[in-house]
Amino acid sequence: MTQLSVEVRSATPDELPHAVAAIVAAFVADPPARFAWPSPHDYLQAMPVATHAFAGSCVEFGTAYVSTDLRGAALWLPPGAQADGDALDKVFRATVKREHLDDLLATFERMEQSHPREPHWYLPQIGVDPAAQGQGIGAKLMRHALTRCDREGALAYLEASKPQNIPFYESHGFQAVGEIQVGAGPLVTPMLRRPC
């Protein structure tokens, strides 16, 4: 694995489209995203809008972290902040493949119910442009936020939407705390990390 000398910092509002683009590129084979939008056209139309709804407010909190080359992004919500559930529901109802809508909405409802009751940092999305994967960008993005969690003594929570990503999250201290699978929908694994 080639390590780049890439730094991580908070995205500016003007850089949010770049952060969203990195997420969209990284999630092109994500099981829940492609369950929602199996066609490439529908995915490329809807995923950027859904990403804005899911984690777009991160920029306001200074917790949309990007690599300096803008090829990777980690969109964190701080304790007490939430995704724009109404906007996300609206996007899903307008764009998701009809026969998958009920299972997808139920999956997201179960994801919301799986959040810890205690205050926690939530990572809705982290991703690196596939052309830049394997260079340590994702690990730097993760360490950047988790350093803050440790300093604050705060829990961190995420849902692994792809079983292949679980070892990466485990290497950063996350542990699976259950499984979510609704109807024909793909498996999602809630994961929690306690501060070091």
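Leaving aside its neighbours within four places in sequence, with which residues is Leu187 in contact? In this predicted model, the contacts of Leu187 outside that sequence window are with Ala160, Ser161, Glu179, Ile180 and Gln181. Leu187 lies in the loop that runs between strand 6 (175-176) and strand 7 (189-193), and its relative accessible area of 24% makes it partly exposed. The C-alpha atoms of Leu187 and Thr107 are 9.1 Å apart in space, although 80 residues separate the two in sequence.

A second loop residue, Leu70, is placed between strand 2 and strand 3. Leu70 is not a glycine, yet its phi is positive, at about 60°. As background, most residues other than glycine have a negative phi. Leu70 is also partly exposed, its relative accessible area being 22%, and this value falls outside the buried class because that class requires an area under 20%.

The helical part of the model may be described through three pairs of packed helices. In the pair formed by helix 3 (residues 40-55) and helix 5 (residues 85-95), the axes come within 8 Å and cross at roughly 160°. Because an angle over 145 degrees counts as roughly antiparallel, helix 3 and helix 5 are assigned to that class, and the crossing between them is left-handed. Helix 3 contributes Ala46, Val49, Ala50, Ala53 and Phe54 to the contact, while helix 5 contributes Ala87, Leu88, Val91 and Thr95. Sorted by class, the residues of this contact comprise eight nonpolar and one polar, with no charged residue.

Helix 5 also packs against helix 6 (residues 98-113), at an angle of about 160° and with the two axes 9 Å apart. Helix 5 and helix 6 are therefore likewise roughly antiparallel to each other, but their crossing is right-handed. On the side of helix 5 the contact involves Leu88, Asp89, Phe92, Arg93 and Ala94, and on the side of helix 6 it involves Arg98, Leu101, Leu104, Leu105 and Phe108. Seven of these residues are nonpolar and three are charged, whereas none is polar. Leu88 thus appears in the contact of helix 5 with helix 3 and again in the contact of helix 5 with helix 6.

In the remaining pair, the axes of helix 1 and helix 3 come within 10 Å and cross at roughly 125°, an angle that places the two helices in an oblique relation. The crossing of helix 1 and helix 3 is right-handed. Leu16, Val20, Ile23 and Val24 of helix 1 meet Tyr43, Leu44, Met47, Pro48, Thr51 and His52 of helix 3, and the residues of this contact divide into eight nonpolar and two polar, none being charged. More broadly, the buried residues of helix 1 (residues 16-26) are Leu16, Ala19, Val20, Ala22, Ile23, Val24 and Ala26. These buried residues pack not only against helix 3 but also against helix 4 (58-61), strand 2 (64-67), strand 3 (72-77) and strand 4 (120-128).

His52, a residue of helix 3, takes part in this contact with helix 1 and is partly exposed, with a relative accessible area of 36%. Apart from neighbours within four places in sequence, His52 is in contact with Leu16, Val20 and Ser57. His52 and Pro17 are 35 residues apart in sequence, and their C-alpha atoms are 9.0 Å apart in space.

The nonpolar interior was examined next. In soluble globular proteins, nonpolar side chains tend to be buried together. The largest nonpolar core of the model holds 43 residues, of which Trp37, Met47 and Phe92 touch the most other members. Helix 3 gives the most to this core, supplying seven residues. Phe92, which also belongs to the contact of helix 5 with helix 6, touches Trp37, Leu101, Leu104, Leu105 and Phe108 when residues up to four places away in sequence are not counted. Another core, of 23 residues, lies apart from the largest one and includes Tyr65, Ile126, Ile166 and Phe174.

Conventions:
Residues are numbered from 1 along each chain as its sequence is written. This is a predicted model: local features need pLDDT of at least 70, side-chain atom pairs count only at pLDDT 80 or more; totals for chains, interfaces and linings use all residues. Side-chain values use heavy atoms; hydrogens and water are left out. Axes are lines fitted to C-alpha atoms, for helices over the stretch in contact, and angles run from 0 to 180 degrees between N-to-C directions. Helices (H or I, at least four residues) and strands (E, at least two) are DSSP runs, numbered from the N terminus. Angles under 35 degrees count as roughly parallel, over 145 as roughly antiparallel, 65 to 115 as roughly perpendicular and the rest as oblique. A crossing is left-handed if the near helix is turned anticlockwise from the far one by less than a right angle, and right-handed if clockwise. Contact means heavy atoms within 4.5 Å. Ala, Val, Leu, Ile, Met, Phe, Trp, Tyr, Cys and Pro count as nonpolar, Asp, Glu, Lys and Arg as charged, and the others, Gly among them, as polar. A nonpolar core is a set of buried Ala, Val, Leu, Ile, Met, Phe, Trp, Tyr and Cys residues joined through side-chain atoms within 4.5 Å. Buried means under 20% relative accessible area, exposed over 50%, partly exposed in between (1.4 Å probe, protein chains only).
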